[in-house]
Amino acid sequence: LPFEQHPLADTEAKDFSNYNNTARVFGATFNRTSGINHTGVSQDVAVNISGGLYSFDGSNDYIEVLNNDTLDALGDFSADFWVTFNQFINQTPLIARSSDTLNVNITNYGIRTGGNATGTSITDLEFFFDTGGDTHHVYSTSGSQLQTHTLYHVAVVKPYGQSPHIYFNGLLQNGTCVIGACSSLLEENNESVIIGRGFIDNRQKHFNGTLDEIRIYDVPLAQE
């Protein structure tokens, strides 16, 4: 989801790949004059570049990518995106493919801010997933001290049978598995991918900031 300009950008986040995972936009605001284009150049400082990004107000905005087998993560997994935080709210998912049904814990993968139950800082990022229906695994950066109103490129890489690695602006962050066994294998589900909002009893948690150029892979990205 590059979040580039197109005629329906206010209501649909178009997937320009061949997978056709176009998403539905609920409240998030499409900004046509900012953003990162697919080459990594900020539209604010480039001329004639078609970009854009989505802003989330921290109240009720989110984007939903409906279930599709191409979203499954079973072996290798990677995701990368550009993010700016206007506010840090504990354990607020940025991206999550998880059940939205009460008492059903099936998270294929998710990326969220830290805090509260895991004992981590809200300025760290966590990668979380479930196995066996109700066994939770959470890997967190440590001491990252993310800042508000600062643009970051984030990459999360989980090679098959290994613990995740999290990078900010190309730099590997210190991190640790704070819950479970983070080298466990990911388990698929049949859920949508939700961007910018919590789920089940955390649905009231909404991301406050901007997101752009969200990409999910079934291969482990290299650091460069």
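Which residue forms a salt bridge with Arg-97? In this structure, which is a predicted model, the partner is Asp-72, and the closest N and O atoms of the two residues lie 2.6 Å apart. The pair links distant parts of the chain, since Arg-97 belongs to strand S7 (residues 93-98) while Asp-72 sits in the loop between strand S5 (62-65) and S6, 25 residues apart. Both Arg-97 and Asp-72 are buried.

A search of the whole structure finds 4 salt bridges, and two others can be followed in the same way. In one of these, the side chains of Asp-80 and Arg-215 meet with an N to O distance of 2.9 Å. Asp-80 is part of strand S6 and Arg-215 is part of strand S16 (residues 208-217), so this salt bridge ties together parts of the chain that are 135 residues apart in sequence. The two partners can also be described by their accessibility: Asp-80 counts as buried because its relative accessibility is 4%, whereas Arg-215, with a relative accessible area of 31%, is partly exposed.

Another salt bridge is formed by Glu-126 with Arg-112, where the closest N and O atoms are 2.7 Å apart. Glu-126 lies in strand S9 (residues 125-131) and Arg-112 in strand S8 (residues 107-113), so that the parts tied together here are 14 residues apart in sequence. Glu-126 is buried, its relative accessible area being 0%, and Arg-112 is buried as well, with a relative accessible area of 13%.

Strands S6 and S16, which carry Asp-80 and Arg-215, also appear side by side in an open sheet of 7 strands, whose order is S3-S4-S16-S6-S11-S12-S13 and whose pairing is antiparallel. At the edges of this sheet stand strand S3 (29-31) and strand S13 (171-172), each with a single partner strand, so one side of each is left without a neighbour in the sheet. Strands of a sheet pair through backbone hydrogen bonds, either parallel or antiparallel. Within this sheet, strand S11 (residues 152-158) and strand S12 (residues 165-168) run antiparallel and are joined by 4 bridges, and Val-156 stands opposite Ile-166 in S12.

From the sheet the reader can turn to the nonpolar core. The largest nonpolar core holds 39 residues, and of these Tyr-54 and Phe-81 touch the most other members. Strand S6 (residues 77-85) gives the most to this core, with 5 residues. If residues up to four places away in sequence are left out of the count, Phe-81 touches Leu-94, Ile-95, Ile-111, Tyr-152, His-153, Val-154, Leu-211, Asp-212, Glu-213 and Ile-214. Among these contacts of Phe-81 are Tyr-152, His-153 and Val-154, which fall within the residue range of strand S11 (residues 152-158), and Leu-211, Asp-212, Glu-213 and Ile-214, which fall within that of strand S16 (residues 208-217).

What remains is the covalent link between cysteines, for which the count comes to 1 disulfide. This disulfide joins Cys-177 to Cys-182, with an S to S distance of 2.2 Å. The torsion about the S-S bond of Cys-177 and Cys-182 is about 80°, so the disulfide is right-handed. Its two ends fall into separate accessibility classes: Cys-177, at 28% relative accessibility, counts as partly exposed, while Cys-182 is buried, with a relative accessible area of 3%.

How values were computed
Residues are numbered from 1 along each chain as its sequence is written. This is a predicted model: local features need pLDDT of at least 70, side-chain atom pairs count only at pLDDT 80 or more; totals for chains, interfaces and linings use all residues. Side-chain values use heavy atoms; hydrogens and water are left out. A nonpolar core is a set of buried Ala, Val, Leu, Ile, Met, Phe, Trp, Tyr and Cys residues joined through side-chain atoms within 4.5 Å. Buried means under 20% relative accessible area, exposed over 50%, partly exposed in between (1.4 Å probe, protein chains only). Helices (H or I, at least four residues) and strands (E, at least two) are DSSP runs, numbered from the N terminus. Contact means heavy atoms within 4.5 Å. A disulfide is a pair of cysteine sulfur atoms within 2.5 Å. Two strands pair if DSSP finds at least two bridges between them.
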